[in-house]
Amino acid sequence: MRIGIVCYPTYGGSGVLATELGKALADKGHMVHFITYQQPVRLNAFHANIYYHEVQVPTYPLFDFPPYESALSSTMVDVIMNHQLDLLHVHYAIPHASTAYLAKQIVGKQGRVVPFITTLHGTDITLVGKDKTYAPVVTFSINESDAITAVSNNLREETYKYFQIEKDIEVIYNFVDIERFKRRSLPHFRQAVAPNGEKVLLHVSNFRKVKRVPDVIKIFQQVRAQLPSKLLLVGDGPDRPTIECMCRDLGICDDVRFVGKQEQLEDIMSISDLFVLPSEYESFGLAALEAMASEVPVLSSDAGGLPEVNIQGVTGFLSPVGDVDGMARHAIDLLSNEALLATVRKGALEQAQRFHINNIVPQYEALYERVRERA
Ligand code: GMT
């Protein structure tokens, strides 16, 4: 098939998932055309079946807000017509679903039928999408999609709760490349991060409010008081200055490393003992799944779709949002009990296998076939 993938090219989960999906589809022989405003972070090597089309947004003094959506729709039209796309798969509803709808109408006038699939990822529904400024367009464009998928049952339910959706939303879980995230022994790296055999806690996010990064610091402070430990913070975002201040105020800067937007996440996960994700909401928690594939247990909140991924006592531990003391207690119990740690690490890997890329990508391919037949 000739598939157009539209996503955010950034470090966030939806862009990562879309890029990994495109790469997997290309490996299976499909021709994949990425349409984004920047090269996606994980699209970092040549592949004969992958094409990249950058959306150019010309500016003009009249525009306080350059019309990105128009530029994106026009690029979609151009790629559909010139590369004979069979379908578009857009990730994150805003604004990708409405721009795909417009592109579909335009090519329809030229006699081409190109269905589009919208995959809902999380904040496009639970945070931004339900804001009344966007809600009418989001509702309309989701309903106009030829198929809709959500990355967890929780996100599916949230979508029906907040929007008048008239169509079926299929759940296709996020996936992980188990081979890529297979835990490896990296003694020199581990030694550099934790020279005295400290436990290594890890958090990966975009440092937005929804991630509750201050809770990560509070949990770490309690763990560190009981067990020699280090904290690695991967990613960047608006809460970082607050977090840095917190670390200084608590006098724990020597044990906390901000490592920025790292691409070699699998190496960092390979030297970690516990992944911490105390989010206010998480439709799925892709980074937690990647950690589990690296045999890293997950300490998370029980918000949103996290209980579908992280299983209490099996793959890690869950606590109510904001229960920092409970999370710290779980972390200390786990990290101070080698036998329990070994069992939970095994449980994490087994659970990650359920989300194996080889199980999930065929679900998208089957959906593409059904949508094409119906078009
Ligand atoms: O985590 C973020 O806020 C980024 C966001 C995105 O769209 O890039 O992530 C969402 O999509 C991911 C991939 O499906 C999910 O794993 C994340 O749980 C989800 N984030 C939220 O729901 C907050």
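Colleague: Before we look at strand β6, what makes a residue buried here?

Modeller: In this predicted model, we go by C-beta atoms placed from the backbone. A residue is buried if 20 or more other C-beta atoms lie within 10 Å of its own.

Colleague: Thanks! Then which residues of strand β6 point one way, and which the other way?

Modeller: In a regular strand the side chains alternate between the two faces of the sheet. Strand β6 covers residues 147-150, and all four of the residues named here are buried. A147 and T149 point one way, while the other way is taken by I148 and A150.

Colleague: Which residues are the partners of L120 and I148 across β6 and its neighbours?

Modeller: Strand β5 (residues 116-120) runs parallel to β6 and is joined to it by four bridges. β6 also pairs with β7 in the parallel sense, over three bridges. The bridge partner of L120 in β6 is A150, and opposite I148 in β7 stands I169.

Colleague: In what order do the strands of that sheet come, and which are the edge strands?

Modeller: Strands of a sheet pair through backbone hydrogen bonds, either parallel or antiparallel. This open sheet has seven strands with parallel pairing, in the order β3-β2-β1-β4-β5-β6-β7. Two of them pair on one side only, and these edge strands are β3 (50-54) and β7 (169-171).

Colleague: And which residue of β4 is the bridge partner of I3?

Modeller: Strand β1 (residues 2-6) and strand β4 (residues 87-91) run parallel, joined by four bridges. Within β4, I3 has as its bridge partner L87.

Colleague: What angle does the direction of helix α1 make with that of β2?

Modeller: Helix α1 (residues 13-27) packs on the sheet, where it touches β1, β2 (31-36), β3 and β4. Its direction and that of β2 make an angle of about 155 degrees.

Colleague: How many residues of domain 1 are in contact with domain 2?

Modeller: The domain assignment gives domain 1 as 2-175 + 356-374 and domain 2 as 187-354. Their centres, taken over C-alpha atoms, are separated by 30 Å. On the domain 2 side, 15 residues take part in the contact, and on the domain 1 side the number is 18. On that side of domain 1, at least two residues each come from α1, α4 (123-126) and α6 (153-162).

Colleague: Where does the largest nonpolar core lie, and why?

Modeller: This core has 103 residues, and L202, L274, F275 and M292 touch the most other members. Helix α11 (residues 286-293) gives the largest share, seven residues. Because both domains give residues to the core, it lies between domain 1 and domain 2.

Colleague: Which residues does M292 contact, leaving aside neighbours within four places in sequence?

Modeller: M292 is one of the core residues that touch the most other members. Leaving those sequence neighbours aside, its contacts are V298, T315, A348, L349, Q351 and A352.

Colleague: Is R212 buried or exposed?

Modeller: R212 sits in the loop between β8 (199-204) and α8 (213-226). Beyond four places in sequence, R212 is in contact with P278, S279 and E280. R212 has 23 C-beta neighbours inside 10 Å, so it counts as buried.

Colleague: Last one: how far apart in space are the C-alpha atoms at the ends of residues 189-347?

Modeller: The unreviewed UniProt entry annotates residues 189-347 as "domain: Glycosyl transferase family". That span is 44% helix and 18% strand, and its end C-alpha atoms are separated by 25 Å.

Definitions and conventions. Residues are numbered from 1 along each chain as its sequence is written. This is a predicted model: local features need pLDDT of at least 70, side-chain atom pairs count only at pLDDT 80 or more; totals for chains, interfaces and linings use all residues. A nonpolar core is a set of buried Ala, Val, Leu, Ile, Met, Phe, Trp, Tyr and Cys residues joined through C-beta atoms within 7 Å. A residue is buried if 20 or more other C-beta atoms lie within 10 Å of its own, exposed if 12 or fewer, and partly exposed in between; C-beta atoms are placed from the backbone. Domain bounds come from an automatic or database domain assignment. Two residues are in contact if their C-beta atoms, placed from the backbone, lie within 7 Å. Two strands pair if DSSP finds at least two bridges between them. Axes are lines fitted to C-alpha atoms, for helices over the stretch in contact, and angles run from 0 to 180 degrees between N-to-C directions. UniProt positions are given in the numbering used here, feature names are shortened, and annotations may be inferred rather than shown by experiment.
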